[in-house]
Amino acid sequence: MPGIDDFDGKTALITGGADGIGAALAQAFQAEGAKVFVSDIHEENLKATAQRLGCPSALCDVADADAVEAVVEQAWNELGSVDLVCANAGVALFGSILETPREEFDFCFGVNVHGVVHTVRAQARKLRETGRTGTFLLTGSEHSLSLPAYLRPVPMHVYTMTKHSVLAIGEGLRAELGPEGHGVSVLCPGPVTSGLAENSTSARPDSLGDPPNLDMSKMEPKAIEALMTAYLPSEKAAAIALRGLRAGAFVIPTHAFQKDDVDARYQEMVAGFDLIE
Ligand SMILES: NC(=O)c1ccc[n+]([C@@H]2O[C@H](COP(=O)([O-])OP(=O)(O)OC[C@H]3O[C@@H](n4cnc5c(N)ncnc54)[C@H](O)[C@@H]3O)[C@@H](O)[C@H]2O)c1
């Protein structure tokens with residue numbers, strides 16, 4: 001896949017751009033000479049980030065397909081085009097497969113999966129209408145590549161399901177749009193310092209009540225220590241994303257230790273083939 005040689009003069013729309021990785025991506029693109037448009041569901045953070053970056057912005061819930069269509073249209077109008085869309089908005093959710101209520105699944109899938117689909121559909125339609133080529137950066141997670149070993153005692157399995165879906169969306173999109181010259185990358189961050197916990201709570205519909213708690217007591221103290229020391233600043237994660245986009249990488253991980261989980265999964269899959277007679 002061709003990478004982005006030069007961000008100067010490019011235009012980018014970032015969903016979930018009010019905080020954390022999204023805001024850091026917007027800032028990094030801007031620093032390279034790109035024009036950016038940020039959207040988010042969090043009004044206060046969005047205002048503050050748009051003001052800090054001096055860029056256009058719009059409130060948008062990515063779970064709402066019509067709202068995403070409108071925001072993509074607005075970004076094209078204000079920037080003149082959108083070369084790069086970052087489907088980055090996401091929410092974290094703690095909870096097991098066996099016990100998580102259906103409403104929580106729907107909330108998490110609504111943002112993390114349907115939100116990405118809404119964003120890429122609206123952008124692909126605009127690119128096809130205008131005959132331009134573009135790049136899609138989807139924010140997945142280390143949870144797109146495996147169930148990270150250190151997090152196994154802390155059920156985040158619904159979140160893991162959604163982030164595996166983001167990788168699958170990326171694969172499907174690459175098959176559909178690659179032949180037309182568009183680029184697709186999936187950013188797969190490990191732990192990154194951001195507002196994910198608070199923002200995921202504030203993005204919850206009132207009807208859901210309080211989020212399920214993170215129960216760290218089941219984690220080995222060593223694993224907790226490893227997790228706490230692994231956190232990258234969001235600016236560093238954004239810098240890695242830009243390096244991946246330049247290289248035209250499909251999967252962009254942020255932490256070397258993710259490879260252990262990927263290797264373990266691959267070996268387990270390959271071992272299954274040994275059973276075929
Ligand atoms: N922080 C991490 O450790 C980490 C690790 C792996 C993946 N990620 C992923 O990175 C992405 C960015 O998260 P972050 O860590 O920067 O957290 P963050 O909370 O700082 O940023 C996410 C943004 O998405 C917004 N958002 C939430 N629901 C939305 C909705 N329905 N519509 C529009 N915007 C919505 C939030 O308001 C927030 O500004 C997410 O997809 C997250 O799953 C984060």
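**Helix H4, its neighbour H5 and the sheet**

In this predicted model, helix H4 lies across three strands, namely S1 (11-15), S4 (84-87) and S5, and runs at about 165 degrees to S4. The strands under H4 belong to an open sheet, so a look at that sheet comes next.

The sheet has seven strands, paired in parallel and ordered S3-S2-S1-S4-S5-S6-S7. Its edges are S3 (57-59) and S7 (251-253), each of which pairs on one side only. From one strand to its neighbour there is a turn of 15 degrees on average, ignoring direction. One of the pairings is that of S5 (residues 135-139) with S6 (residues 183-188): the two run parallel and are joined by five bridges. Here Thr139 stands opposite Leu187 in S6.

Back to H4, which spans residues 102-130 and packs with helix H5 (residues 157-177). Their axes are 9 Å apart and meet at an angle of about 15 degrees. That is under 35 degrees, and H4 and H5 therefore count as roughly parallel to each other. The crossing of H4 past H5 is right-handed.

As for who touches whom, H4 contributes Glu104, Phe105, Cys108, Phe109, Asn112, Val113, Val116, Val117, Val120 and Ala124 to the contact. From H5 come Val158, Tyr159, Thr162, Lys163, Ser165, Val166, Ile169, Leu173 and Leu177. Sorted by class, the contact between H4 and H5 holds 14 nonpolar residues, along with three polar and two charged ones.

How values were computed: Residues numbered from 1 in each chain as written. Predicted model: local features only at pLDDT ≥ 70, side-chain atom pairs only at ≥ 80, totals over all residues. Axes fitted to C-alpha atoms, helices over the stretch in contact; angles between N-to-C directions. Helix = DSSP H or I, 4+ residues; strand = E, 2+ residues; numbered from the N terminus. Parallel < 35°, antiparallel > 145°, perpendicular 65-115°, else oblique. Left-handed = near helix turned anticlockwise from the far one by under 90°. Contact = placed C-beta atoms within 7 Å. Nonpolar A, V, L, I, M, F, W, Y, C, P; charged D, E, K, R; others polar. Pairing = 2+ DSSP bridges.
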